Amino acid sequence: TNWKGFPAILLEVIDTEDPLLVGDASTYIIRLTNQGNAPDYNIEIVADIAAQLRVQSISGETAGRVVGQEVRFETLSVLAPKQTVEFLIQVEGKEIGGGRSHFDLDTKLLNGSIRETESTQVY
């Protein structure tokens, strides 16, 4: 018998402070967990940060770059079964309003990307 497995990537995004004053900081924690029983490959994370926020810094399992409101992390080559990795985006309240930041995950074995939305209120 030849048993084959399949990856199952869980994407979780939370902000550490919400609501926040203009000038105050919050951090988006992006957590990926492979709940499956096989690895997945070429994991890509792209975030579109709400206009009400300014990106201060980024860190995580791979390096990344910020272009305007977009944060793009370098491709993670493999996510093993039961492995969890985190990416962090520190932001600052820039202008008053309710912002919606979008976080997209794509992998070799997904059929299309997964999107998570996190709202952050700035006052």
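**Glu118 and Asp15**

I looked up Glu118 first and found that Glu118 lies in strand β10, where strands are DSSP runs of E of at least two residues, numbered from the N terminus. The model is a predicted one, in which local features need pLDDT of at least 70 and side-chain atom pairs count only at pLDDT 80 or more, while totals for chains, interfaces and linings use all residues. Residues are numbered from 1 along each chain as its sequence is written, and side-chain values use heavy atoms, with hydrogens and water left out.

I then checked the charge of Glu118 and noted that Glu118 is buried yet has no salt bridge, the nearest side chain of opposite charge being Arg100, 9.6 Å away. Here buried means under 20% relative accessible area, exposed over 50% and partly exposed in between, with a 1.4 Å probe and protein chains only. A salt bridge is a side-chain nitrogen of Lys or Arg within 4 Å of a carboxyl oxygen of Asp or Glu, and for charge Lys and Arg count as positive, Asp and Glu as negative, with His and the chain ends not counted. Leaving aside neighbours within four places in sequence, I listed the contacts (heavy atoms within 4.5 Å) of Glu118, which include Val13, Ile14, Asp15, Tyr28, Arg100 and Phe103.

Asp15, in strand β1 (residues 9–15), is also buried without a salt bridge, and its nearest side chain of opposite charge is Arg100, at 9.9 Å. I did find a polar contact between the side chains of Asp15 and Thr120, at 2.8 Å; such a contact is a pair of N or O atoms within 3.5 Å, where within protein one must be able to donate a hydrogen and the other to accept it, and residues adjacent in sequence count only if both atoms are side-chain atoms. Beyond four places in sequence, Asp15 touches Ser26, Thr27, Tyr28, Glu118, Ser119 and Thr120.

**Salt bridges**

I counted 4 salt bridges by the rule above, and looked up three pairs by name.

- Arg31 and Glu86 meet through their side chains at 2.6 Å, N to O, and the pair links distant parts of the chain, Arg31 in strand β2 (residues 25–34) and Glu86 in strand β8, 55 residues apart. Their C-alpha atoms are 4.5 Å apart in space. I class Arg31 as partly exposed because its relative accessibility is 27%, and Glu86 likewise because its value is 34%.
- Arg54 and Glu92 form a salt bridge at 2.7 Å, N to O, which joins strand β4 (residues 53–60) to strand β8 across 38 residues. Arg54 has a relative accessible area of 38%, so I entered it as partly exposed.
- Arg115 and Asp104 form a salt bridge at 2.8 Å, N to O, with Arg115 in strand β10 (residues 114–122) and Asp104 in strand β9 (residues 97–106), 11 residues apart.

**Nonpolar core**

I looked up the largest nonpolar core, that is, a set of buried Ala, Val, Leu, Ile, Met, Phe, Trp, Tyr and Cys residues joined through side-chain atoms within 4.5 Å. This core has 25 residues, and those with the most contacts inside it are Tyr28, Ile30, Leu32, Ile49, Ile89 and Phe103. At least two residues each come from β1, β2, β3 (40–48), β4, β6 (70–73), β7 (76–79), β8 and β9, and the largest share, 4 residues, comes from β8.

I closed with Phe103, whose contacts beyond four places in sequence include Leu11, Val13, Tyr28, Ile30, Ile49, Ile89 and Glu118.
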